[in-house]
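Biologist: I would be grateful for a close look at one part of this model, namely its salt bridges. Please describe the pairs one by one, and then place them beside the other features of the fold.

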Amino acid sequence: MPPADRSAAGVATGDVAGEERLEKVVGLCKRRGFVFQSAEIYGGFRSTYDYGPVGVNLLRNVKDAWWESMVQMRDDVVGIDAAVLSPPAVWAASGHLENFTDPLVDCRQCRQRWREDKIEGVCPNCGGTEFTPARAFNLMFKTHAGPVEDEGAVAYLRPETAQGMFVNFANVLQTTRKRPPFGIAQVGKSFRNEITPQNFVFRTREFEQMEMEYFVPPDEADRWFEYWCGERLRWYVALGIPEDQLRLRHHGADELSHYSAATADVEFRFPWGWDELEGIANRTDYDLKAHSAASGERLEYVDAGTGERYVPYVIEPAAGATRTMMAFLLAAYDEDVVAGESRTVLRLHPRLAPYQVGVLPLSRKEDLETLARRVLRDLQPHFMCDYDVTQSIGRRYRRQDEIGTPWCVTVDFDSLEDGAATVRDRDSTEQVRLPVEAIAGELTRRLEAAGRPGVG
Ligand code: GAP
């Protein structure tokens, strides 16, 4: 709800800024089961995180919202799910074996290792200013497939999902009969041996990406690049990130990746400053040509009518699911005062919220619980629901507010008489009483009214 609407509803809003917001969100993530440090009982494994019972729902909703707008709502994009493990040939052809490196330096004073371009000449550990010359550190995780650990068994964990789309280009073309412009989308894990993972789930060594390769006639590449920049920016706004916390930043020539002719980042105003959520790149015909040359397979489009053949250019919107989830959490975090009591509330878009509905029987009395469970069963096919009978009803509302549940349904003693229950709205805290059979329909209407990204 925009601030003006909130005050109209009698809800005072607080403004938690900068580092304090980050600290509070990280604390909330641990306390309420969004994100846990991985292997915590063994002291934690640096830079890896586990998603807890509410975090897994939020992350899944982010990925589903992306899939819905990028695949389901379009007739020009199809999905795939490619392997995470792949042979060196893929990464030799893509250029990653040679180019996917960061400049690594050692502090001469304390021996800590840093990414040179992130420290501005001063060691963040000891303040030292003397470093070894930078050397190229490849970010790919190398492993061995099979029982023999020799060179012939080397495999890599993918550092991006994109190559899965390029190596399957001919398969997809053949099985779907798509013609440019068309896209192949994928959501899945990627791995990078980051030198300095940081800022919670913003930069980790294991993360999830949501990428789409959009194959176009070469002379249409500039137009489609602009189109996807606009579409992707709109997606974040439609799911609740305020426009003034987002911007599009075009890369300078010195910043471009080895495959890119043009790149723009969708940036979010993180507590530490503007930083990347997603990169949109014009990858030209670099990847298809490289894989074609290395594999000997023809990777091109042939028009069955005219016989025209060409290697398409690729426009690639490449987002991080885990990083985007963090941005949604940061943008949604709020504190306010309701009826003289302060609360923490996540104003997540209802489509993203871990639970859309909390079903709360007023007490543990058997007949109340029986009715509440019936309401729960009615709602479960339509919404992700939480069921909570612990503590006072006020405390339970606060708990649901804190994890972003947009609607709570409370079954009380009157419900046993009149067959109605109270529906409470997270943002306005307004309550209305509805017959239990009407609740699923009303909440479906509200979910639709909250909007969805759609297609521009
Ligand atoms: N296929 C192009 C590609 O991978 P990228 O800019 O390196 O481009 C795309 O990655 C997105 O993946 C980034 O904008 C970011 O959201 C996410 N991402 C990249 N590295 C990440 C990391 N170490 N941790 C979390 N997310 C990461």
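Modeller: The model is a predicted one, and a search of the whole of it finds 44 salt bridges. One of them joins the side chains of Glu335 and Lys24, with 2.8 Å from N to O. Glu335 belongs to strand E19 (residues 333-338) and Lys24 to helix H2 (residues 18-32), so this pair ties together parts that are 311 residues apart in sequence. Both partners can be placed by their accessibility: Glu335 is partly exposed, at a relative accessible area of 22%, and Lys24 is partly exposed as well, at 27%.

A second pair is formed by the side chains of Arg135 and Asp106, which meet in a salt bridge at 3.2 Å, N to O. Here two strands are involved: Arg135 lies in E8 (residues 135-138) and Asp106 in E6 (residues 101-106), so the parts tied together are 29 residues apart in sequence. Arg135 is partly exposed, with a relative accessible area of 33%, whereas Asp106 has 14% and is buried. The cut-off applied is that buried means under 20% relative accessible area.

The third pair is Arg283 with Asp287, whose closest N and O atoms are 2.9 Å apart. Arg283 counts as buried, at 0% relative accessibility, and Asp287 is likewise buried, at 2%. Beyond such pairs, salt bridges that share partners join a set of residues into one network: Asp334, Asp336, Glu341, Arg343, Arg347, Arg398, Asp401, Arg424, Arg426 and Asp427.

Two members of this network lead to other features. Asp401 is one of the buried residues of helix H12 (residues 393-403), a group that also includes Arg396, Tyr397, Gln400, Glu402 and Ile403. H12 is followed by Gly404, whose phi is positive, near 90°. Arg347, in turn, takes part in the lining of the second largest cavity, together with Leu239, Gly240, Ile241, Phe328, Ala331, Ala332, Leu348 and His349. That cavity has a volume of about 40 Å³, and its lining consists of six nonpolar, two polar and one charged residues.

The structure holds two cavities of 30 Å³ or more. The largest encloses about 60 Å³ of space and is lined by Ser69, Met70, Arg74, Trp228, Glu231, Arg232, Arg234, Trp235, Pro453 and Gly454. By class, four of these lining residues are nonpolar, two are polar and four are charged. Helix H3 (53-72) and helix H8 (221-238) each supply at least two residues of this lining, and H8 gives the most, with five.

Nonpolar residues also appear at the surface, where Leu362, Phe413 and Leu416 form a patch with about 230 Å² of accessible area together. Within that patch, Phe413 lies in helix H13 (residues 413-418) and counts as partly exposed, at 38% relative accessibility. Val90, by comparison, is found in helix H4 (residues 88-94) and is buried, with a relative accessible area of 14%. Val90 and His291 are 201 residues apart in sequence, while their C-alpha atoms are 7.5 Å apart in space.

Conventions:
Residues numbered from 1 in each chain as written. Predicted model: local features only at pLDDT ≥ 70, side-chain atom pairs only at ≥ 80, totals over all residues. Heavy atoms only, no water. 1 Å grid on protein atoms, 1.4 Å probe; cavity = no way out; pocket = protein on both sides within 12 Å on 5 of 7 lines; lining within 4 Å. Points joined across faces, edges and corners; volume = space filled by probe spheres on them. Helix = DSSP H or I, 4+ residues; strand = E, 2+ residues; numbered from the N terminus. Nonpolar A, V, L, I, M, F, W, Y, C, P; charged D, E, K, R; others polar. Patch = residues over 30% accessible without salt bridge, like charges linked within 9 Å, V, L, I, M, F, W, Y side chains within 5 Å. Areas by Shrake-Rupley, 256 points an atom, 1.4 Å probe, with all protein chains shown as cover. Salt bridge = Lys/Arg side-chain N within 4 Å of Asp/Glu carboxyl O. Buried < 20%, exposed > 50% of the residue type's maximum accessible area, 1.4 Å probe, protein only.
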